[in-house]
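Here is a brief report on one loop residue and two small sheets. The structure comes first.

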Amino acid sequence: MMPPMPVLIGLLGPLALRVNGREVPLGPPRRRAVLGYLACRAGSTTTRHDVVDAVWGERAPTSVVGNLHTHVSELRRALGTGADDGARGLLRTVGSGYLLDVPEDAVDALRFQRLLGEADRAGRDGERSRALDTWRAAFALWRGTPLADVDAPYAEAERTRLDRLRVVAAERFTEALLASGERAEALAVVTPVSDEHPLDQRLAALRVRALAAGERRGEAAAHFRRTRDLVIAELGIDPDPVLRRAHAELLVAERVPATDRTAVTRLPDAPAGFTGRETELRTLEDRCARAGHERLTVCVVGGPPAVGKTSFALRLAHRVRGHFPDGAHFLPMDGSAAGLGPREAILAVLDAVGGGPDPVPDDLDELVGAYRSRLAGRKVLLVLDDARGVGQIRPLLPTGSGSMVLVTSGSRLSGLSARDGALRVSLGPLPDDEALGLIGALIGEPRDDAERAAVTELVGLCAGHPLALRLAAEGVLAARPCGLPDFLSGLRDGRNGLRVLDAVRAGGGLIKALTRPLRDLGPDPAELLALLSAQPCTTLTAPAAAALAGWEVLRTRRALDALADGYLADWGPRGRYRLEGWSRCYSALHAEGAFTDDVPRQAELRLVAWYARAVRVARSLVDGRAPTGDDADAVPFAGPAEALDWSTLERDNLVLLARRAAELGAEDAARALERGVR
């Protein structure tokens, strides 16, 4: 057993200092703040300027250097060394800064981080018992909110960082406890952290699993519904795969009690403050009205991330549920390989309507047959939210007429249209008038021309995305009295603008929602999307994108089609593919760190070189000359007319790439591209 530390500094709660086992008073708030800041950086030298910025910030008085010297002298006394002992001891002067020279374990926050690493390593090495004991030792260090009694510029950021560490640690600790069968302890660990972070869906999923493992299945189902409804209401997005998977496990492995069956697939409440989409809603309402006279009606609502597909589907479901007297059921299909499969979804519906087969057949075809027999002659509405593919949906389609299946998906699900006659509605960003109406409803109508112009710019920067618009409205209201102008200034830089919006609500949500589909991309589409986000053009042909990636055209076209199928790009006219502004921003965020700095640069150099050759070939043909040298086989045009047409279509790209080529130092390519613009 290690001997007790002569000095212990506590950051994981109110700031505390113990010397030789006795608590030492720390004096005034600024002195406490100085010790806290130095303790966060124990073992590293911190400049005097950094300490002043961190502790006083913009409120530093002219006497701040003298004040800091006094606080350091008093802290040396508190630590057991002389007030003027700056050359040695625990708090030393090093050059123009300070070094708190204490062991890592003397600061509880640093010890906590060390123990987290040890627990992870023990778990990976299969030493489960040692891992659990290490997790327990780590969590025993927490006494409350970190630096709870410190009011200084650095403190909030440090609290946030330490709290995030605690959340991640609670997730791993809970997973380890559940794997070891320690159900009660797992619930005791995850519950308080989950209560503090109600929008953290990974914590919610672990809580559902812990409750279900402890035979508290009704509470588990209730917690899932509570979190799902909160995520939809607060963030306007679908629940994450991990939460939906926990719910699927609850339905299938644990089976929700009969008393709770109807609630499992009930429609969540209609989204409050829903605005716009009236044309699309009326189209589908008309289809619903005809559902009783036709065979099964299938509608697919598609669109890019965070465009409001789930909110739209719920709005529609509540408006038309009167056409379906035998029930309306909401099934979260998850949109990932870990999501609710056909078997789990069928069992959920049968649980809700009652009368399912007993015993449940192992064969899926038999189960589908029993499901369709049970729904035969009924008029039901099924909302299959965030489906990932046709194979997940088709077994859930009832037979006969009078029912409707409403599917939301981040994929186009073309097979449902081709084989099952599905009506497809693709949601894009809100049109300007609807976006302006939403902002006006949230922050009030503009009072003058200047404010009207600012609101119009805000709508443009949010690209009509409903979630972004709602976050922007909250940010504007929170920024008053400065309000709209100050908030706008932070949005004007694309990637940083996304971060500004994401930070409006604790726990974020926007960037996570936007980048979630990117995690499920195959290697080629993911790599190509990252490269596309690094170059300036908003439209490219497959041959141009192939030059960017350094691939064959066929391989590139397949990757582009996969991106378009997932609404991460779009098919444009004349064989072109579009990558919209927001897709570029969040793709770039997702791609940060995916490449070394040189990879995007080399890709852009390939692109500008390809365009420069294309310009030379086009000019030669238009001038009645045959291309020569390497240009002869570079870019095939059928003749002068096609070459001239290409030059006209590509003018915007040529302007952008001429500028970019100059920035990259590709002077020959820049000159060729500039000639192509003239």
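E650 is found in the loop between α29 (640–649) and α30 (651–664). Helices (H or I, at least four residues) and strands (E, at least two) are DSSP runs, numbered from the N terminus. The model is predicted: local features need pLDDT of at least 70, side-chain atom pairs count only at pLDDT 80 or more, and totals for chains, interfaces and linings use all residues. Residues are numbered from 1 along each chain as its sequence is written, and side-chain values use heavy atoms, with hydrogens and water left out.

E650 has a relative accessible area of 0%, so it is buried (under 20% relative accessible area, with a 1.4 Å probe and protein chains only). Beyond its neighbours within four places in sequence, E650 is in contact with T541, R576 and Y611. Contact means heavy atoms within 4.5 Å. The side chains of E650 and Y611 also share a polar contact of 2.9 Å.

Two open sheets follow. Strands pair if DSSP finds at least two bridges between them.

| Strand order | Pairing | Edge strands |
|---|---|---|
| β1-β2-β3 | antiparallel | β1 (7–10), β3 (22–23) |
| β12-β14-β13 | antiparallel | β12 (539–541), β13 (570–571) |

In one sheet, two bridges join β2 (residues 16–19) to β3. V19 has R22 of β3 as its bridge partner. In the other, two bridges join β13 to β14 (residues 576–578). There, D570 stands opposite R578 of β14.

Helix α25 (residues 542–549) lies across β12 and β14 and runs at about 95 degrees to β12. Axes are lines fitted to C-alpha atoms, for helices over the stretch in contact, and angles run from 0 to 180 degrees between N-to-C directions.

Definitions and conventions:
Buried < 20%, exposed > 50% of the residue type's maximum accessible area, 1.4 Å probe, protein only. Polar contact = N/O pair within 3.5 Å; in protein donor to acceptor, adjacent residues only side chain to side chain.
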